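Hi,

Here is the structure I promised to pass on. Have a look at it first, then read my notes underneath.

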Amino acid sequence: IDTGYFSGHEDLPILSDEDGYSQTNDDEELWKYDGYGHGTHVAGTIAALNNDYGVVGVTPGTVSLYIVKIFGDDGAWVSIAHASDLVAAAYECADNGANVISMSLSGTHGSPYEEKAFDNIYAAGILSIAAASNDGIDEYHYPASYESVISVAAIDEEMVVADFSQFNDQVELAA
């Protein structure tokens with residue numbers, strides 16, 4: 001769930017027309033375009049192919065991807081952010097066979113509606129992973145701080161919390 005997927009990137013797996021969805025407008029094929037680049041970067045971190053180009057992902061071409069474009073080409077939600085948009089994106093992933101939902105995104109306010117949805121998704125056997133956030137403070141951000149979502153932060157080369165990374169008791173992984 002991010003800014004889309006640059007389908008022409010030589011380091012990424014080729015996806016079919018059914019492997020994504022765009023919430024950003026009526027063009028459901030827009031998920032194959034990533035004007036901001038963040039979704040493509042995250043997809044590459046996960047699944048970049050072990051070829052003669054660029055980087056190698058942690059699961060190089062061995063996982064199936066389903067992309068939900070929730071952000072516009074400026075990296076911002078195209079309308080006022082609502083918990084229902086993220087919930088719809090998460091259920092879109094779940095309904096299309098996801099075992100893991102990756103969300104490199106965060107918001108400052110939790111929502112009981114959103115929390116219940118992630119609890120239900122977890123109870124269905126789907127792991128949700130989200131960014132702790134990049135404000136460098138100890139405040140909870142969501143969806144990462146829900147109990148049913150794995151919260152991921154960042155550390156630097158010295159194995160110390162990166163100056164930009166959230167740090168709190170909900171963080172479960174950092175790299």
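The side of H3 that faces away from its buried residues carries Pro112, Lys116 and Ala123, which are exposed. Before going further, keep in mind that this is a predicted model. Now turn H3 around: its buried residues are Glu114, Ala117, Phe118 and Ile121. They span an arc of only 95° around the axis, so they sit on the same side of H3. If the spacing of those numbers puzzles you, here is the rule behind it: an α-helix has 3.6 residues a turn, so residues three or four places apart point the same way.

What lies over the buried residues of H3? The cover includes H2, S3, strand S4 (127-131) and strand S5 (149-153). You can also do a quick check on the length of H3. It has twelve residues, and at 1.5 Å for each one the helix should span 16 Å; the C-alpha atoms at its ends are 16 Å apart, so the two agree. Just after H3 comes Gly125, with a positive phi of about 90°.

Now zoom out to the whole chain. The protein chain has three helices and six strands, and from the N terminus they follow the order β-α-β-α-β-α-β-β-β. Is the overall shape what you would expect of a compact globule, or not? For 175 residues such a globule would have a radius of gyration near 16 Å, and the protein chain has 16 Å, so the values agree. The C-alpha trace spans about 40 × 40 × 30 Å along its principal axes. Of the 175 residues, 38% count as buried. The accessible surface is about 9500 Å², and carbon and sulfur atoms make up 52% of it. As for contacts between residues at least 6 apart in sequence, 63% of them join residues at least 24 apart.

Next, the inside. In soluble globular proteins, nonpolar side chains tend to be buried together. Here the largest nonpolar core has 21 residues, and those with the most contacts inside it are Ile1, Leu86, Cys93, Ile101, Met103 and Phe118. Helix H2 (83-95), strand S3 (100-103) and helix H3 (112-123) each give two or more residues to this core, with the largest share, four residues, coming from H2. Apart from it there is another core of eight residues, including Tyr5, Leu12, Leu15 and Ala43.

Leu86 is a good residue to click on. Leaving out residues up to four places away in sequence, Leu86 touches Ile1, Ile70, Trp77, Met103, Leu105, Glu114, Phe118 and Pro143. You have already met Glu114 and Phe118 among the buried residues of H3.

Pro143 has a story of its own. This proline is in the loop between S4 and S5, and the peptide bond leading to it from Tyr142 is cis, with omega near 15°. That loop also holds Ser133, whose phi is near 125°, a positive value in a residue other than glycine. To see what makes these worth a look: most residues other than glycine have a negative phi, and most peptide bonds are trans.

Met159 is another case, with a positive phi near 65°; you will find it in the loop between S5 and S6. Are Ser133 and Met159 buried or exposed? Ser133 is buried, with a relative accessible area of 9%, whereas Met159 is exposed at 64%. The loop between S5 and strand S6 (171-174) also contains Glu157, which is exposed with a relative accessible area of 77%. From Glu157 to Glu115 there are 42 residues in sequence and 33 Å in space, C-alpha to C-alpha.

Last stop: H1 (residues 38-47). Its buried residues are Gly39, Thr40, Val42, Ala43, Gly44 and Ala47, and they pack against S3. In the loop between strand S1 (20-22) and H1 you will find Asp34. Is Asp34 buried or exposed? Its relative accessibility is 11%, so Asp34 counts as buried. Not counting residues up to four places away in sequence, Asp34 touches Thr3, Gly4, Tyr5, Phe6, Gly39, Thr40, Lys69 and Asp73. Two of these contacts, Gly39 and Thr40, are buried residues of H1.

Cheers

Methods: Residues are numbered from 1 along each chain as its sequence is written. This is a predicted model: local features need pLDDT of at least 70, side-chain atom pairs count only at pLDDT 80 or more; totals for chains, interfaces and linings use all residues. Side-chain values use heavy atoms; hydrogens and water are left out. A nonpolar core is a set of buried Ala, Val, Leu, Ile, Met, Phe, Trp, Tyr and Cys residues joined through side-chain atoms within 4.5 Å. Buried means under 20% relative accessible area, exposed over 50%, partly exposed in between (1.4 Å probe, protein chains only). Contact means heavy atoms within 4.5 Å. The radius of gyration is taken over C-alpha atoms; the globule rule is 2.2 Å times the number of residues to the power 0.38. Accessible areas come from the Shrake-Rupley method with a 1.4 Å probe; for residues, only the protein chains shown count as cover. The expected span of a helix is 1.5 Å times one less than its number of residues. The arc is that of the directions from the helix axis to the C-beta atoms.
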